[in-house]
Amino acid sequence: MPHYSKEEIISLLNAKGKDILSLISTAESKRDNDTITYSKNVFLPLTDICRNECGYCTFKKTPDDKEARILMNYQEIFDTLKEADKYNCREALFTFGERPEETSQVKAALEDKGYSNMVDYLYFICDETLKNTGLLPHSNPGVLKKKELEVLKEVNASMGLMLENTSKRLMKTIVHEKSPGKDPKLRIKTIENAGKLNIPFTTGLLIGIGETIEERAESLLEIKRINDKYCHIQEIIIQNFTPKQGIPMESWKEPSVIEMIKMVAVTRLLFPNTGVQVPPNLNNHNAQVFLLAGADDWGGVSPITKDFVNPEAPWPELEDLRKMTEEMGSSLDERLPVYPDFISSEFLSNRIMEKINSFK
């Protein structure tokens, strides 16, 4: 991978005027080809109980909330997965609030099903998904220990955890002051342990949560440091903060389009061979411009379930996504939740490899 110093990255992120056009042009030239990918998925939030209370989040519920999902049951999960099968979805995205079993209600619900923690329940669900559907699990379970990652690798095609930012300072602000799981050390350790286990991994940054340009640069360099060592990061998401009604950060401004363009472009320069994703549903009117800055993936798009993390932002219809992509001179191509370069016994369990081979 190319080497950029922190100072050089900061300079690029501070680009103005014609320098922005030059940055975009250089970044776009580093993209491998004119194919833009997406993963047709189904989004299954196993619980929305979470130990964190992030200032930008609407996903987390408390157990006494009438709308809280304490624990999705087997029938509800597999009714949805069977529906996803009808749409030929290949990715089953499983996510939940971090360490929800620390809450007595979730712990009781798990014990009622015969499980002591969420990782064991997630393993069971992923295992059943592989046995009974045409989908591949991709799990985002938050901060995990190495042993937990090792267990889940057997039944997951890939996994993910947003780094968000490496700034410890943000732990003292409205963003993460009530979120112990957002400690950068814990998240970095999880991503590194995934690398030690050769787990194809998706991570990324959340832009516009009060971080400085310097902190953005440091965060990109930290991801690069990890990937240079383990070579397991398949995709980097550059996600913009969007204000939502009722959150502590409701009155905050979202990052400008220019800020996002520069972040995407610099990410492409640092990671010329890694997928760079910008969520299209969070950028309805601006999504196309990120292709010019080197983005090459739209991420998971579901024909049957909403984005439970951003419920106010519906997915684009696949035909609309295709038109958006083709209008920019690129073609749209569906991918699996694991990128082609990682489809090998080096990165995937025998079970996952057998499943992928059955698609051919």
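The following exchange concerns burial, packing and salt bridges in a predicted model.

Biologist: Which conventions apply to this model?

Modeller: The model is predicted; local features need pLDDT of at least 70, side-chain atom pairs count only at pLDDT 80 or more, and totals for chains, interfaces and linings use all residues. Residues are numbered from 1 along each chain as its sequence is written, and side-chain values use heavy atoms, with hydrogens and water left out.

Biologist: How many residues of strand β8 are buried?

Modeller: Helices (H or I, at least four residues) and strands (E, at least two) are DSSP runs, numbered from the N terminus. Buried means under 20% relative accessible area, exposed over 50%, and partly exposed in between, with a 1.4 Å probe and protein chains only. Strand β8 covers residues 297–301 and is mostly covered, the number buried being five of five.

Biologist: Which residue of β8 stands opposite S39?

Modeller: Strand β1, residues 35–47, runs parallel to β8, and three bridges join them. Two strands pair if DSSP finds at least two bridges between them. Opposite S39 in β8 stands G300.

Biologist: Which helix gives the most residues to the largest nonpolar core?

Modeller: A nonpolar core is a set of buried Ala, Val, Leu, Ile, Met, Phe, Trp, Tyr and Cys residues joined through side-chain atoms within 4.5 Å. The largest one has 96 residues, of which I77, F94 and W298 touch the most other members. With eight residues, the helix that gives the most to this core is α9, residues 257–270.

Biologist: What is the separation in sequence between R351 and D127, which form a salt bridge?

Modeller: A salt bridge is a side-chain nitrogen of Lys or Arg within 4 Å of a carboxyl oxygen of Asp or Glu, and the structure holds 24 of them. In the pair R351 and D127, the closest N and O atoms are 2.5 Å apart. R351 belongs to helix α12 (residues 350–358) and D127 to helix α5 (residues 118–132), so the pair links distant parts of the chain, at a separation of 224 residues.

Biologist: Is K131, the salt-bridge partner of E128, buried or exposed?

Modeller: The side chains of E128 and K131 meet at 3.9 Å, N to O. Both residues lie in helix α5, three residues apart, and are thus separated by about one helical turn. E128 is buried at a relative accessible area of 13%, whereas K131, at 55%, is exposed.

Biologist: What is the relative accessible area of R268, which forms a salt bridge with D296?

Modeller: The closest N and O atoms of R268 and D296 are 3.1 Å apart. R268 lies in helix α9, and D296 in the loop between α10 (289–292) and β8. D296 is buried at 16%; R268 is buried too, with a relative accessible area of 1%.

Biologist: Within what arc do the buried residues of helix α6 fall?

Modeller: In helix α6, residues 146–153, the buried residues are E148, L149, L152 and K153. The arc is that of the directions from the helix axis to the C-beta atoms. Seen down the axis, these residues line one face of the helix, because they fall within an arc of 140°.

Biologist: Which residue offers its backbone oxygen to a polar side-chain atom of T203 at 2.7 Å?

Modeller: T203 is found in strand β5, residues 201–207, and is buried at a relative accessible area of 0%. Its contacts (heavy atoms within 4.5 Å) beyond four places in sequence include M162, I191 and E235. The backbone oxygen that lies 2.7 Å from a polar atom of the T203 side chain is that of L161.

Definitions and conventions. Polar contact = N/O pair within 3.5 Å; in protein donor to acceptor, adjacent residues only side chain to side chain.
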